[in-house]
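Got the viewer open and a cartoon on screen? Here is a short tour, one selection at a time.

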Amino acid sequence: MSTPPEYQIRPPDKFSFNFKELWQYRELFYFFTWRDIKVKYKQTVFGFLWAILQPLAIMLVFTFFFARTLNIPTDGIPAPVFYYSGLLLWNFFSSGLSGAGNSMVNNAHIIKKIYFPRLIIPISSIIVALFDLLMALTIYLILIFYYDLTKSDFSLSYFMLFSTSVAAILLTILSLCGAGMFLAALNVQFRDFRYIIPFLIQFLFFITPVIYSTTIFSEIPHFQYIMAVNPMTGAIELARSAFTQQLDWMTVTISTFSAVVFMGVGIYTFRKMEAYFADIA
């Protein structure tokens, strides 16, 4: 007679994503994500179109005031493409960071009732922001095709555009996961972060090259590399490199290293506080 198998329940490693367990609960990603998307656009007239209208409206404002009125340089990139490429990634980052940072508190009633991998909650919030990004990409592609067909000086390699765009999105996701898990964990214990997160997003906007180019700081020694500590600097530089045909590898390398460090800090903080979520959420 064979003996029944023994199961040992152990806390996950502090630096582990525990992909095996996340895969076992993969259906929850769909349910949490689709629930948040429906709630976000519930009872709205335009529905999913808001994911397109918001960055489009801001891009038009930036193009008029910064490019045409203030004549801020855009590295030879058409102003609508320049601003929209930055806004795409920034909106993805800000929306994902806000959603992930508040996700554990907003789902406290579920955390206290049943067990499932807690990482699913902040990651699902990031997937919701990714959905908005994919919707907004339609206008981005229209802008690119328009300038490619109508402007003779607009040279573009579509392979480079695809590769740099994918790399920029992956770098943004890496940054979001680390920062989102870190803020989600701290927000459970210290509710002050509910007020800190909006301020943090506003602060990061001004030190991220969304409405300006990093080349305007070229006369300040090493300032571009200091800005690269912000991972979104490297992500936006990657996205725009397909149009400038130039890429500052040092900036991208520093941003990538910074994102990896944030990921390590985020997963460690989340795992360290995970056992107490149900008690203090």
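We start with the whole chain, then go into the core, and finish at a few single residues.

**Whole chain.** Keep in mind that this is a predicted model. Colour by secondary structure: there are 12 helices and zero strands, so expect to see α-α-α-α-α-α-α-α-α-α-α-α if you trace the sequence from end to end. Turn the C-alpha trace along its principal axes and the spans come to about 80 × 50 × 45 Å. The radius of gyration is 21 Å, which agrees with the value near 19 Å for a compact globule because the chain has 281 residues. For contacts between residues at least 6 apart in sequence, 78% link positions at least 24 apart.

**Surface.** Switch on the accessible surface, about 15,600 Å² in total, with 67% of it from carbon and sulfur atoms. Buried residues account for 47% of the 281. Now colour the charges: the mean positions of the 18 positive and 15 negative ones sit 11 Å apart.

**The core.** Next, select Tyr83 and Phe243, the residues with the most contacts inside the largest nonpolar core, which has 77 residues. Then highlight helix 4 (residues 79-106): with 14 residues, this helix gives the most to that core.

Stay on Tyr83 and show what surrounds it. Beyond the neighbours within four places in sequence, Tyr83 touches Met59, Phe62, Thr63, Phe66 and Ala67, as well as Ile72 and Thr74. Val210, Ile211 and Arg240 are also in contact with Tyr83.

**Two loop residues.** Which way does the backbone go at Asp75: positive or negative phi? Asp75 has a positive phi of about 60°, and it is not a glycine. That is worth a look because most residues other than glycine have a negative phi. You'll find Asp75 in the loop between helix 3 (50-69) and helix 4. Its relative accessible area is 33%, so Asp75 is partly exposed.

Move on to Gln245, in the loop between helix 10 (231-244) and helix 11 (249-273). Gln245 is another non-glycine with a positive phi of about 60°. Its relative accessibility of 42% makes Gln245 partly exposed.

**Last stop.** Select Leu170, in helix 7 (residues 158-189). Is Leu170 buried or exposed? Its relative accessible area is 54%, so Leu170 counts as exposed, the cut-off being over 50%. To finish, draw a C-alpha to C-alpha distance from Leu170 to Ala235: they are 65 residues apart in sequence and 8.5 Å apart in space.

Methods. Residues are numbered from 1 along each chain as its sequence is written. This is a predicted model: local features need pLDDT of at least 70, side-chain atom pairs count only at pLDDT 80 or more; totals for chains, interfaces and linings use all residues. Side-chain values use heavy atoms; hydrogens and water are left out. Helices (H or I, at least four residues) and strands (E, at least two) are DSSP runs, numbered from the N terminus. The radius of gyration is taken over C-alpha atoms; the globule rule is 2.2 Å times the number of residues to the power 0.38. Buried means under 20% relative accessible area, exposed over 50%, partly exposed in between (1.4 Å probe, protein chains only). Contact means heavy atoms within 4.5 Å. Accessible areas come from the Shrake-Rupley method with a 1.4 Å probe; for residues, only the protein chains shown count as cover. Lys and Arg count as positive and Asp and Glu as negative; His and the chain ends are not counted. The place of a charge is taken as NZ of Lys, CZ of Arg, CG of Asp or CD of Glu. A nonpolar core is a set of buried Ala, Val, Leu, Ile, Met, Phe, Trp, Tyr and Cys residues joined through side-chain atoms within 4.5 Å.
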